[in-house]
Amino acid sequence: MVSSNDMKAKFRLVYDEILNNGKLDLFDEICAPDFVKHTLPPGEPYGIEGSKQSVLMLQNAFPDIKYTVEDMFGEGDKLVARWSAKGTHKGDFMGIPATGKQVFFSGIEIIRVKDDRAVEEWEELDRAGLMQQLTT
């Protein structure tokens with residue numbers, strides 16, 4: 001079994017390297033080939049390629065987006081991260097043209113790990129708060 005500290009260090013790369021620096025190829029190293037991300041709107045669960053597309057969509061809409069890990073802890077085969085993000089709306093997002101507004105949103109992820117790789121992820125984020133910032 002991988003230690004909680006080892007898991008935290010490895011999955012901190014998701015925020016530091018993938019989300020903040022755009023190194024999408026790291027998804028292939030961190031996630032199992034059959035990885036599944038469970039998420040509520042905008043659609044069905046998806047895998048590694050869907051995760052890459054999701055990151056690209058956010059980077060295109062908020063090119064200066066920066067994520068901060070506020071808390072991270074793990075036990076057994078689960079890792080939990082509470083994070084925040086801020087960026088400037090400079091591209092189309094969910095049908096909303098660029099507004100130039102700076103936004104802030106946050107979320108929580110639970111990642112299930114098997115054989116040192118992410119196999120499932122559940123994410124809850126403040127979509128309503130994000131959309132309200134863009135439309136008011």
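**View 1. Strands β3 and β4, side by side.** Two strands count as a pair if DSSP finds at least two bridges between them. Keep in mind that the whole model you're looking at is predicted. Strands β3 and β4 clear that bar: eleven bridges join them, and they run in the antiparallel sense. For one spot to find along this pairing, look for Lys78, which stands opposite Arg112 in β4. Lys78 also has a salt bridge, in which its side chain meets that of Asp77 at 3.5 Å, N to O. How exposed is Lys78? Lys78 has a relative accessible area of 31%, so it's partly exposed. Asp77, at 29% relative accessibility, counts as partly exposed too.

**View 2. The two faces of β4.** Follow β4 and watch its side chains alternate. Which ones are buried? Val103, Phe105, Gly107, Glu109, Ile111 and Val113 point to one face and are buried. Gln102, Phe104, Ser106, Ile108, Ile110, Arg112 and Lys114 point to the other face, and these are not buried.

**View 3. The β4–β5 hairpin and its turn.** Strands β4 and β5 run antiparallel and are joined by eight bridges. Try spotting Gly107, whose bridge partner in β5 is Leu125. The two strands make a hairpin with two residues between them. Zoom in on Asp115, which sits in this loop between β4 and β5. Most residues other than glycine have a negative phi. Asp115 has a positive one, near 55°. Its relative accessible area is 67%, so Asp115 is exposed.

**View 4. Another positive phi, at Met94.** Here we move to the loop between β3 and β4, where Met94 lies. Met94 isn't a glycine, yet its phi is positive, near 50°. With a relative accessible area of 46%, Met94 is partly exposed.

**View 5. Lys37 and two buried glutamates.** Strand β5 (residues 117–125) holds Glu121, and Glu123 is found in β5 as well. Are these glutamates buried or exposed? Residues under 20% relative accessible area count as buried. Glu121 comes in at 8%, so it's buried; Glu123 has 9%, so it's buried too. What does each side chain reach for? Glu121 makes a polar contact with the side chain of Lys37 at 3.5 Å, and Glu123 makes one with the side chain of Lys37 at 3.2 Å. Leaving aside neighbours within four places in sequence, the contacts of Glu121 include Phe35, Val36, His38 and Ile110. Counted that way, Glu123 touches Lys37, His38, Trp83, Ile108 and Glu109.

**View 6. One face of helix α4.** Helix α4 covers residues 127–135, and its buried residues are Gly129, Leu130 and Leu134. Imagine looking down the helix axis: these buried residues fall within an arc of 135°, so they line one face of the helix. An α-helix has 3.6 residues a turn, so residues three or four places apart point the same way. What do the buried residues of α4 pack against? They pack against β4. On the face turned away from the buried side, you'll find the exposed residues Ala128 and Thr135.

**View 7. Inside the largest nonpolar core.** In soluble globular proteins, nonpolar side chains tend to be buried together. The largest nonpolar core here has 34 residues, and Phe11, Tyr15, Ile18, Phe62, Tyr67 and Phe105 touch the most other members. Among the elements that give two or more residues to this core are α1 (4–19), α3 (48–61), β2 (66–75) and α4. Which element gives the most? That's α1, with six residues. Zoom in on Tyr15: setting aside neighbours within four places in sequence, its contacts include Tyr67, Val69, Met72, Ala81 and Trp83.

**View 8. Salt bridges that link separate elements.** The model has nine salt bridges, and this view picks out two of them. One joins Asp28 and Lys52, with their closest N and O atoms 3.0 Å apart. Asp28 is in helix α2 and Lys52 in helix α3, so the pair ties together parts that are 24 residues apart in sequence. Lys52 has a relative accessible area of 12%, so it's buried, whereas Asp28, at 36%, is partly exposed. The other joins Asp71 and Arg82, whose closest N and O atoms are 2.7 Å apart. This pair links strand β2, home of Asp71, to strand β3, home of Arg82, across eleven residues. Asp71 counts as partly exposed at 36% relative accessibility, and Arg82 is partly exposed at 40%.

Note on methods. Residues are numbered from 1 along each chain as its sequence is written. This is a predicted model: local features need pLDDT of at least 70, side-chain atom pairs count only at pLDDT 80 or more; totals for chains, interfaces and linings use all residues. Side-chain values use heavy atoms; hydrogens and water are left out. Buried means under 20% relative accessible area, exposed over 50%, partly exposed in between (1.4 Å probe, protein chains only). Helices (H or I, at least four residues) and strands (E, at least two) are DSSP runs, numbered from the N terminus. The arc is that of the directions from the helix axis to the C-beta atoms. Contact means heavy atoms within 4.5 Å. A nonpolar core is a set of buried Ala, Val, Leu, Ile, Met, Phe, Trp, Tyr and Cys residues joined through side-chain atoms within 4.5 Å. A polar contact is a pair of N or O atoms within 3.5 Å; within protein, one must be able to donate a hydrogen and the other to accept it, and residues adjacent in sequence count only if both atoms are side-chain atoms. A salt bridge is a side-chain nitrogen of Lys or Arg within 4 Å of a carboxyl oxygen of Asp or Glu.
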